[in-house]
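User: Could you take a close look at one part of this model for me? I'd like to hear about the sheet and the helices that go with it.

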Amino acid sequence: MILSCQNVGKAFHEKRIFKDCSFHIEDHEKAAIVGINGAGKTTLLRILTGELEADEGAVVWGKDVSYGYLPQNAQVEGNRTIYDEVLEAKKEVLLLEDEIRACELQMKQKEGAELEALMESYTRLTHRFEQADGYSCRSEVTGVLKGLGFTEEEFSKQAATLSGGQKTRVALGRLLLTRPDLIILDEPTNHLDMSSIAWLETWLINYKGAVLIVSHDRYFLDRIATKIIELDGGKASVFSGSYSDYAVKKEQIRAAQMHAYLNQQQEIRHQEAVIEKLRSFNREKSIRRAESREKMLQKMEVLEKPTEVRDDMHIQLKPRIESGNDVLSVEGLEKSFDGQQLFSDLSFFLKRGEHVAVIGDNGTGKTTILKIINGVVDADAGEIRIGSKVQIGYYDQEHHVLHPDKTIFEEISDEYPTLTNTEIRNVLAAFLFTGEDVFKQIKMLSGGERGRVSLAKLMLSEANFLILDEPTNHLDITSKEILEDALNHYNGTVLYVSHDRYFINRTASRILELEDGVLSGYPGNYDYYLEKKAQLTQTSANGAGSCAGFSQPGAAAPGGRNASLSSPASESAVKQDWKSQKEAQAAQRKKENALKRCEEQIAALEERSAQIDAEMALPQICTDVARLQELSREKTDIEEELLVKMEEWEALSE
């Protein structure tokens, strides 16, 4: 066992983050912690590593277990170069190398017994050096740095001069090379491009130690994780399998919980109605039955309503008008910065309704293309034509479209002055801004909160052409799924840049890859792009020179048959199912009619009982003994029949 988390709980300022959190990490296991923003994922990692103390419970580490922890936005300090900073992870190997070199020098000057002693020491040192892969030490450092997106020309850069994202990548490289028993990573893909993420996935999959990851990158989790630890509603639940396995199981569990909750709520309402009806009969026996049912209801363990997956944020993207068929034409686009050319002679076209993703490594110019289309940056050459009736909605990853000194409320009200205060508050509430939150200044918001404000403005724009730059940055998994659903139901045109492969897989109908200044197009989603890219690579390696014969998404099933065609056996099953449904519906109608007749009979009996009471109170009846006896017998018969009918009603009402 590497690590055991036993009933750990934590609260901040009387707000409970989680309670009774329990799980364990075994040798060589790859586990992931998932949950919405604010669920306590980073807090849990800090408790595991000893940075925070738990309010309750215990964290137990295995004997002599080593771990390495990479927090979000980890930094490196000092004046060493990138290469030397990462090489520091191999400090023990380098010290061994120094001892071996010193030993070699001493052997030249020694003889006899002293030389023999040095030779033995030299043998021990070289054996340890070989076991530590000392001879491949420097090539390993080079491989990790290149895998994380650094070029050899950048190896000599001072770490202190790097951007925050680059420093995080250096810290990640140094951690990977220490090779501890457990690697703990908090959002490791935030500052990596697609190539670097793919490299890191392969490295972690092949890593012999254990891994514990917090990430919102579902594609990354799908490839790495064999166990999912979910933090939801202050509780921890453990699921075996990949992220996709977890998502399926989670939905099944949530559906079962919701079904049980709704059934119980229906039963509670039914019992309350029966109790009220029994009391309305105002008979001793019916009142006793009502009291008995009340006691049973009080003893019932009421189920909590399961957390709704998508009821916290609501995005509806609807174009105000429909654009023409030709939405965007880009021809011969060219751009350079500081004498370095990003791309030249770039051309592509967008038709109405297309959802197109632009992918590529960092620094290739993807965001620049979007900025040129939006008029934020000027092109050096080329022509951009916007189609007829096209209205653009722009989502900027840096949120430059937001005004830092305005409040959230002002940001919306100034952009859309026709909206009433109530309408603005309703829109902001749909994006989780309620109460006094709407008066927060933009500059005081987190990245995720700014993203939600930008999404709110995008929704209100009612544009028919959306241009999105990294729209899933800072969004948790649930919010990403909400945005994915909104885009999939959007009948306008979408052009976006994203590193989120899961998001691309769910929303793209075409992919444009920008690589070495060249734009290549692939129909379909990300998985189809990978498949086609691999086939192209294989074809190129084989010297075939062509990629003809690729199947298109939506092609017919093997053999040319439509998979939805029904067989005679399935048609028979459908008929049988239809017959069963009709029989069940007929039986249900019969019960409902019987219940209705019973209620009508009870009402008629009660009405007659009331009439008898009124008649027996009349002066002329009071003195008529024979009539009184007759009415009394009728009333007794009615009371007995009422009890029978009430029991019948109670049985039917179930």
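Analyst: One cut-off first, as we'll need it for the helices: angles under 35 degrees between directions count as roughly parallel. Also keep in mind that this is a predicted model.

Now the helix pair. The axes of α12 (residues 408-415) and α14 come within 11 Å and cross at roughly 20°. That angle is under the cut-off, so α12 and α14 are roughly parallel to each other. Their crossing is right-handed. On the α12 side, the contact is made by Ile-408, Glu-411, Ile-412 and Glu-415, while α14 brings in Val-453, Ala-456, Lys-457 and Leu-460. Sort the residues of this contact by type and you get five nonpolar, three charged and no polar.

On to the sheet. It's an open one made of six strands, and the order runs β14-β15-β16-β12-β17-β18, with mixed pairing. At the edges sit β14 (392-395) and β18 (518-523), each of which pairs on one side only. On average, neighbouring strands here are turned by 15° against each other, ignoring direction.

Let's zoom in on one pair of strands. β15 (residues 465-469) and β16 (residues 493-497) run parallel and are joined by five bridges. Take Ile-467: its bridge partner in β16 is Leu-495.

And here's where the helices meet the sheet: α14 (residues 447-461) packs on it, touching β14 and β15. The direction of α14 makes about 175° with that of β14. So α14 has contacts on both counts: with the sheet through β14 and β15, and with α12 through residues including Val-453 and Leu-460.

Technical notes:
Residues numbered from 1 in each chain as written. Predicted model: local features only at pLDDT ≥ 70, side-chain atom pairs only at ≥ 80, totals over all residues. Heavy atoms only, no water. Pairing = 2+ DSSP bridges. Helix = DSSP H or I, 4+ residues; strand = E, 2+ residues; numbered from the N terminus. Axes fitted to C-alpha atoms, helices over the stretch in contact; angles between N-to-C directions. Contact = heavy atoms within 4.5 Å. Parallel < 35°, antiparallel > 145°, perpendicular 65-115°, else oblique. Left-handed = near helix turned anticlockwise from the far one by under 90°. Nonpolar A, V, L, I, M, F, W, Y, C, P; charged D, E, K, R; others polar.
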